[in-house]
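Work through the exercises below with the sequence and the structure at hand. Try each task before reading its solution.

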Amino acid sequence: MNSEVAGKRFRIGDAEINIIVHGFPGKSVCHGSLGFCTIVLVRRGDRLALVDVGSFGQRDLLIDQLAERGLAPKDVTDVLLTHSHYDHSVNWTLFKDANIVIGRAELEWSVKEPWGETPVPELYVRELARWPTLSAVEDGDEVFPGLTAHATPGHTPGSPVFVLDASDRDVVFTGDACKNRAELLSRATDMSYDPEVSRASIDAIWAFWTRKRGSILVPGHDFPMVQEKGEPRYLGRREAAIRAWYSEDLNETTVFSLLPDAANSARTAAE
Ligand SMILES: [Zn+2]
């Protein structure tokens with residue numbers, strides 16, 4: 001997959017934003033979690049941050065996408081984790097010399113989660129908690145030049161959204177405080193420990209997003225959006241597909257699109 005398809009790149013003020021993996025707003029039906037999260041590269045001055053780093057299944061993709069841009073993992077100076085869940089955080093070990101940012105409340109909660117029962121990668125957060133380049137941050141902290149963390153609990157207790165102030169417009173990275181467009185519009189959430197807490201966080205996200213005209217919202221499991229006449233509009237074209245071996249020939253594969261067109265999707269009635 002070439003970078004023009006996989007990634008979306010835009011300049012906003014003096015920051016360069018590169019969506020190197022766009023999240024997927026769905027779950028598998030028969031095979032457990034998909035966990036396809038959004039991974040974004042943010043360059044400002046001589047600093048280069050990744051907002052979330054994905055899980056094991058995204059390792060090769062992440063390395064390839066960096067290489068396509070002439071970058072190696074060691075070039076990443078900052079890793080900004082929206083929350084501790086495995087699908088967003090596990091690959092921090094690829095950037096072990098970077099400044100690794102996570103909410104203090106998130107980390108303190110994560111290390112106490114029971115082993116084997118939740119999406120928190122127990123051993124990865126245990127190691128992260130004692131890692132020398134870790135920055136455990138508080139609500140309102142500036143965690144990267146012009147980028148601040150703001151508490152938005154609900155999906156997890158300590159997950160912040162990151163707001164990048166790029167002068168005339170902002171970029172709001174919501175992580176899973178707002179996973180997708182449906183959550184943004186309905187202000188209802190899937191996977192929340194308290195729907196009212198999540199709703200207040202989504203209200204806060206709307207406030208950050210609408211503070212300046214043309215600001216961009218980057219959800220944890222969906223495509224980036226801009227607001228146009230009060231409506232979110234996706235910034236670009238989604239790509240999502242699965243390749244399967246359904247024949248007897250290893251060289252022959254079938255590709256199934258995961259895009260919402262009539263041929264491919266059976267819309268389920270409200271459950
Ligand atoms: Zn997630």
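A salt bridge is a side-chain nitrogen of Lys or Arg within 4 Å of a carboxyl oxygen of Asp or Glu. The model is predicted, so local features need pLDDT of at least 70 and side-chain atom pairs count only at pLDDT 80 or more, while totals for chains, interfaces and linings use all residues. Residues are numbered from 1 along each chain as its sequence is written, and side-chain values use heavy atoms, with hydrogens and water left out.

**Exercise 1. Salt bridges**

Task: Describe the salt bridge between the side chains of Arg47 and Asp78, and state which strands hold the two residues.

Solution.
- Step 1. The N to O distance between the side chains of Arg47 and Asp78 is 2.8 Å, which lies within the limit of 4 Å.
- Step 2. Helices (H or I, at least four residues) and strands (E, at least two) are DSSP runs, numbered from the N terminus. Arg47 is in strand E4 (residues 47-51) and Asp78 in strand E5 (residues 78-80), so the pair links distant parts of the chain, 31 residues apart.
- Step 3. Buried means under 20% relative accessible area, exposed over 50%, and partly exposed in between (1.4 Å probe, protein chains only). Asp78 counts as buried because its relative accessibility is 1%, whereas Arg47, at 27%, counts as partly exposed.

Task: Do the same for Asp203 and Arg187.

Solution.
- Step 1. The closest N and O atoms of Asp203 and Arg187 are 2.7 Å apart.
- Step 2. Asp203 lies in helix H7 (residues 195-210) and Arg187 in the loop between H6 and H7, so this bridge ties together parts that are 16 residues apart in sequence.
- Step 3. Asp203 is partly exposed, with a relative accessible area of 35%. Arg187 is also partly exposed, at 27%.

**Exercise 2. The zinc ion**

Task: Which residues coordinate the zinc ion, and why is its site called irregular?

Solution.
- Step 1. Donors are N, O and S atoms within 2.8 Å of the metal (3.2 Å for Na, K and Ca); water is not among the atoms, so sites may look incomplete. The donors here belong to Asp87 (OD), His88 (NE2), Asp176 (OD) and His221 (NE2), at 2.0 to 2.3 Å.
- Step 2. Four donors count as tetrahedral if all angles lie between 85 and 135 degrees; four count as square planar and six as octahedral if opposite donors are over 155 degrees apart and all others between 65 and 115; anything else is irregular.
- Step 3. The angles among the four donor atoms run from 88 to 165 degrees, and the site is irregular.
- Step 4. Asp176 is buried, with a relative accessible area of 5%, and His221 is buried at 8%.

**Exercise 3. Aromatic pairs**

Task: Classify the pair Trp92 and Trp131.

Solution.
- Step 1. Rings of Phe, Tyr and Trp (its six-membered ring) pair if their centres lie within 6.5 Å; planes under 30 degrees apart count as stacked, over 60 as edge-to-face and the rest as tilted. The structure holds six aromatic pairs.
- Step 2. The ring centres of Trp92 and Trp131 are 5.3 Å apart and their planes stand at 65 degrees, so the pair is edge-to-face.
- Step 3. Trp92 is buried, with a relative accessible area of 2%, whereas Trp131 counts as partly exposed at 24%.
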